[in-house]
Amino acid sequence: MKKLCISVVLILCSMHTVAGDLEKGKALSSQCSVCHGKNGIAKDPESPNLAGLGAYYFEKALVDYQKGMREDRRMSIIAKSLSMEDIKNLAAWYSAFEITVKEPGM
Ligand code: HEC
């Protein structure tokens with residue numbers, strides 16, 4: 001069990017050390033902005049906001065679309081056109097947005 005915990009920590013650490021390139025991510029994001037918005041806030045009612053998503057969640061979503069563990073008629077095609085490096089660069093870009101939240105009625 002201890003060994004398993006250590007390897008999980010190591011895997012998580014190694015995922016975080018391979019951080020994507022912000023500038024490359026920004027350049028790639030132009031192909032996403034039609035649906036997800038130029039600033040990662042979606043204008044298309046069917047598309048979610050990407051700004052401020054955690055890099056891990058972001059990467060996992062795209063890998064899931066690639067592997068067919070998650071399906072969407074648009075994203076399944078788009079994800080397949082991206083390399084793992086592209087995904088990491090895009091994750092770096094969108095996760096770097098700072099989001100502030102205001103509760104309703106506050
Ligand atoms: C044609 C419109 C369109 C384009 C272009 C597009 N997306 Fe999407 N994206 C969507 C829709 C719609 C969803 C929600 C799909 C679902 O329900 O799973 C989505 C979902 C996602 C999610 C999952 C978000 C979440 O909260 O789980 C990620 C990550 C994502 N897109 C990244 C990208 C990236 C990166 C690009 C550009 C390389 C891109 N998308 C281009 C329409 C688009």
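**Group meeting: a walk through an all-helix chain**

Hi everyone, let me start at Ser29, which sits in the loop between α2 and α3. Please keep in mind that this is a predicted model. Is Ser29 buried, exposed or partly exposed? It counts as partly exposed, because 19 C-beta neighbours lie inside 10 Å, and a residue needs 20 or more to be called buried. Ser29 touches Leu90 and Trp93, leaving aside residues up to four places away in sequence. Ala91 is also worth pointing at here: Ser29 and Ala91 are 62 residues apart in sequence, yet their C-alpha atoms are 9.8 Å apart in space.

Let me step back to the whole chain for a moment. The secondary structure comes to 6 helices and 0 strands, so to speak a plain α-α-α-α-α-α pattern when read along the sequence. Of the 106 residues in the chain, 20% are buried. If you take the contacts between residues at least 6 apart in sequence, 64% of them join residues at least 24 apart.

Now to α6, residues 84-95, where Leu90, Ala91 and Trp93 are among the buried residues. The 12 residues of α6 should span 16 Å at 1.5 Å a residue, and the end C-alpha atoms are indeed 16 Å apart. How many of the 12 residues of α6 are buried? The count is 9, so α6 is largely enclosed by the rest of the structure. The cover over those buried residues includes α2 and α4.

That brings us to α4, residues 55-67. This helix has 13 residues and reaches 18 Å from its first C-alpha to its last, close to the 18 Å expected. Its buried residues are Ala55, Phe58, Glu59, Ala61, Leu62 and Tyr65. They cover an arc of only 155° around the axis, which means they lie on the same side of α4. The general rule helps here: an α-helix has 3.6 residues a turn, so residues three or four places apart point the same way. Turned away from that buried side, the other face of α4 carries the exposed residues Tyr57 and Lys67. The buried residues of α4 are covered by elements including α5 and α6.

So where do these helices meet? Look at the largest nonpolar core, which has 13 residues; Phe58, Leu62, Leu90, Ala91 and Tyr94 have the most contacts inside it. Both α4 and α6 supply at least two residues of this core, and α6 gives the most, with 6 residues. Ala91 is a nice one to click on: it touches Gly20, Ala55, Phe58 and Glu59, not counting residues up to four places away in sequence.

Just after α4 comes Gly68, with a positive phi of about 85°. Gly68 is found in the loop between α4 and α5. It is exposed, because 10 other C-beta atoms lie within 10 Å and 12 or fewer counts as exposed. Gly68 and Lys80 are 12 residues apart along the chain, and their C-alpha atoms are separated by 9.9 Å.

Last stop, the ligand. It is surrounded by 18 residues, and the closest are Cys32, Cys35, Ala61, Asp72 and Arg74. Which helices each supply at least two residues of the shell? Those are α3, α4 and α5. By type, the shell divides into 11 nonpolar, 3 polar and 4 charged residues. Ala61 links back to our earlier stop, being one of the buried residues of α4 and one of the closest to the ligand. Thanks, everyone!

Terms used. Residues numbered from 1 in each chain as written. Predicted model: local features only at pLDDT ≥ 70, side-chain atom pairs only at ≥ 80, totals over all residues. Near = placed C-beta within 6 Å. Helix = DSSP H or I, 4+ residues; strand = E, 2+ residues; numbered from the N terminus. Nonpolar A, V, L, I, M, F, W, Y, C, P; charged D, E, K, R; others polar. Expected span 1.5 Å × (residues − 1). Contact = placed C-beta atoms within 7 Å. Core = buried A, V, L, I, M, F, W, Y, C linked by C-beta atoms within 7 Å. Arc of directions from axis to C-beta.
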